[in-house]
Every structure is written in structure tokens, then in C-alpha cells.
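The following exercises ask the reader to work from a sequence and its three-dimensional model. Each task is followed by a solution in steps.

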Amino acid sequence: MSATILLLSGPNLNLLGEREPAVYGTATLTDHVATASEAAALHGLSVVHFQSNHEGDLVDAIQAARGTHGAIIINPGALTHYAWAIHDALAAFDGPIVELHLSNPNAREPWRHLSVVAPVATGSIVGFGGHGYRLAVEAVAAVLER
Ligand code: DQA
């Protein structure tokens, strides 16, 4: 199996660092990708990152990960709560899948409590801010036994 992890970031995550810092912190998406990449290197893994504000682009990336990447870590942003096409694309991926959120959606507005990604994820890491990127990689490494 491939030693690469596909890290996917959904809508508005490109604005991290500027966007609602009281909720999402001051680190940028580039900072979080660096955290994930450093954690992956400790396990002989590497991270390929892709961010899009468009659901279809993320579906394409998930489909292309089949047979290419060993695992997926995905923070789908608001798509988490309604994007069934992302649910279906992830269901067709064979490796471990980690759903990742900086905030804890379950502790926020009621419309954030539903995740359509959670049922097809191996597990979810929510509410630990930027530390979640390292935790997500650790979870993948554990499942892949690396
Ligand atoms: C988020 C939580 C989502 O509800 C929200 O729409 C985001 C960010 C998070 O990382 O906490 O865009 O995925």
C-alpha cells in the first residue's frame, strides 16, 4: 500500500489564520499541512495536500486517491454537514479515513451536529485545533501499523 496520505481541505479553509480566529485559531492552512507532514515523516509517510472550495473537485480528488494514496485525512469544512457526494466518494476508498475538524462541531450550532462524513470515516478527530493534524496522522500510522 502507498505510503502517502491525501490530506483534503474543504471550503474556506484557505482563509485559516484570518477567518474567525477565535474559533479556528491563528495558524494558517500551510502551518497545519507542515504539522501533518512532520508527523508523517516520523512514520515514513508523506502527505499530499489539496484544498478546494468546490465539492466536485474534492470528489475528483477522493476518486483519484483510489489505488494512489494509502489513507485520507479530510476536513471538509461546511461540506461535512450536507455533501452526500463526498460521503459516497469516501465510501469507495479502501484505506483508513480520518475526519478532522479544528473546532468541535458537536458543541456549536445544531446544523453542525450532523456529519455525513462520519459514517464512512474510520474515526473522527474534532476540537483539538491544530494539534488535530498531528493526531490524525498518528491515527493513520497506527491503523497502517507504521
Ligand atoms: C470545520 C467545522 C465546520 O463546521 C465549518 O464549516 C468549517 C470548519 C472545522 O475545522 O472546525 O469550515 O470543519
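What covers the buried residues of H2 includes strand S1 (4-9), strand S2 (46-51) and helix H5 (131-144); contact here means heavy atoms within 4.5 Å. Helices (H or I, at least four residues) and strands (E, at least two) are DSSP runs, numbered from the N terminus. The model is predicted: local features need pLDDT of at least 70, side-chain atom pairs count only at pLDDT 80 or more, and totals for chains, interfaces and linings use all residues. Residues are numbered from 1 along each chain as its sequence is written, and side-chain values use heavy atoms, with hydrogens and water left out.

**Exercise 1. Determine which residues of H2 are buried and how they are arranged around its axis.**

Step 1. Establish the extent of the helix. H2 spans residues 29-41, and its 13 residues reach 18 Å from the first C-alpha to the last, close to the 18 Å expected at 1.5 Å a residue. The expected span is 1.5 Å times one less than the number of residues.

Step 2. Sort the residues by accessibility. Buried means under 20% relative accessible area, exposed over 50%, and partly exposed in between (1.4 Å probe, protein chains only). By this criterion Leu29, His32, Val33, Ala36, Ala39 and Ala40 are the buried residues of H2.

Step 3. View the helix down its axis. The buried residues of H2 fall within an arc of 125°, so they line one face of the helix; the arc is that of the directions from the helix axis to the C-beta atoms. Thr30, Glu38 and Ala41 are exposed on the other side.

Step 4. Recall the general principle. An α-helix has 3.6 residues a turn, so residues three or four places apart point the same way.

**Exercise 2. Identify the elements against which the buried residues of H3 and of H4 pack.**

Step 1. Begin with H3 (55-65). Its buried residues are Leu58, Val59, Ala61, Ile62 and Ala65. They cover an arc of only 160° around the axis, which puts them on the same side of H3.

Step 2. List the partners of H3. Its buried residues pack against S1, S2, S3 and H4. Just after H3, Gly67 takes a positive phi of about 75°.

Step 3. Turn to H4 (residues 84-91), in which Ile86, His87, Ala89 and Leu90 are buried. Down the axis of H4 these residues fall within an arc of 170°, so they line one face of the helix. Asp88 and Ala91 are exposed on the other side of H4.

Step 4. List the partners of H4. The buried residues of H4 pack against H3, strand S3 (71-75) and strand S4 (97-101).

Step 5. Examine Ala85, also found in H4. At 36% relative accessibility, Ala85 counts as partly exposed. Not counting residues up to four places away in sequence, Ala85 touches Glu55 and Val59.

**Exercise 3. Describe the surroundings of the ligand and the place of Arg112 among them.**

Step 1. List the residues around the ligand, a residue being near if one of its heavy atoms lies within 4 Å. They are Arg19, Tyr24, Asn75, Gly77, Ala78, His81, His101, Leu102, Ser103 and Arg112.

Step 2. Find N or O atoms beside ligand oxygens. A polar side-chain atom of Asn75 lies 2.8 Å from an oxygen atom of the ligand. For the side chain of His81, an N or O atom is 2.7 Å from a ligand oxygen. Leu102 instead places a backbone N or O atom 2.8 Å from an oxygen atom of the ligand.

Step 3. Assess the cover. Taken alone the ligand exposes 320 Å², and the protein buries 99% of that; accessible areas come from the Shrake-Rupley method with a 1.4 Å probe, and for residues only the protein chains shown count as cover.

Step 4. Place Arg112. Arg112 lies in the loop between S4 and strand S5 (123-126) and is buried, with a relative accessible area of 13%.

Step 5. Trace its partners. A polar contact of 2.7 Å joins the side chains of Arg112 and Glu109. Such a contact is a pair of N or O atoms within 3.5 Å; within protein, one must be able to donate a hydrogen and the other to accept it, and residues adjacent in sequence count only if both atoms are side-chain atoms. Leaving aside neighbours within four places in sequence, Arg112 is in contact with Tyr24, His81 and Pro105.

Terms used
A residue is near a molecule or strand if one of its heavy atoms lies within 4 Å of it.
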